[in-house]
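Work through the exercises below with the model open. Each task is followed by a stepwise solution.

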Amino acid sequence: MLKRCIWLVAVALFFVSHLVMGDAVAAELDEATRTVQLNPAGDTYVLSLEQVTRGRRQFNYACGTCHVGGITKTNPTVGLDPDSLAGSLPPRDNLESLVAYLKEPMTYDGLTDISQVHPSKKSADIFPKMRSLTEEDLVAISGHILLQPRVIGDMWGAGKTRFSAPQV
């Protein structure tokens, strides 16, 4: 029983420190680092510190199981790294297109709706975690995806380069 209590305390301390450290890291990001591409026209958007923190938490909650570290466990040839996002059709390397994808996901080539197999707002009836996400949450998650290559570098998405014909 004592071992179980010690184990629970250790796990709780780990998670609390992770939350505190994550917020501290967000507070250290300057405005230039928090500036992401808003749309295909090249407009930009500055994520607030609150959005950075919210995006990390919501990504870990809703997406982290399949996309830990920006890698797609179900299809490792297509990750969340900048090259993979830019190579999709339409390109998903900006805030607006990622939010659109989270609402209604399509295959990498943009031809087929995959909302029945990929969590989205459209398929919230079969993916319960998507039910509670607001528009602000979707923006924060998308911002997190775009921000991570600047924060952790090539480790996000395993530093892959763009594939000319990824499997879908």
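**Exercise 1.** Which helix gives the most to the lining of the largest pocket?

*Solution.* This is a predicted model: local features need pLDDT of at least 70, side-chain atom pairs count only at pLDDT 80 or more, and totals for chains, interfaces and linings use all residues. Residues are numbered from 1 along each chain as its sequence is written, and side-chain values use heavy atoms, without hydrogens and water.

Step 1. Take helices as DSSP runs of H or I, at least four residues, numbered from the N terminus. α2, α3 (82–87) and α4 (95–103) each supply at least two lining residues.

Step 2. α4 gives the most, with three residues.

**Exercise 2.** Locate the UniProt feature "binding site" relative to the largest pocket.

*Solution.* Step 1. The unreviewed UniProt entry places this feature at C63, C66, H67 and H118; such annotations may be inferred rather than shown by experiment.

Step 2. They span 56 residues of sequence, yet cluster in space, with a largest C-alpha distance of 11.6 Å.

Step 3. The lining of the largest pocket includes C63, C66, H67 and H118. H67 sits in the loop between α2 and α3.

**Exercise 3.** At what angle do α2 and α5 pack?

*Solution.* Step 1. Fit lines to C-alpha atoms over the stretch in contact; angles run from 0 to 180 degrees between N-to-C directions.

Step 2. α2 (residues 49–62) and α5 (residues 135–152) pack at about 90°, with axes 7 Å apart.

Step 3. The two helices are therefore roughly perpendicular (65 to 115 degrees).

Notes:
Parallel < 35°, antiparallel > 145°, perpendicular 65-115°, else oblique. 1 Å grid on protein atoms, 1.4 Å probe; cavity = no way out; pocket = protein on both sides within 12 Å on 5 of 7 lines; lining within 4 Å.
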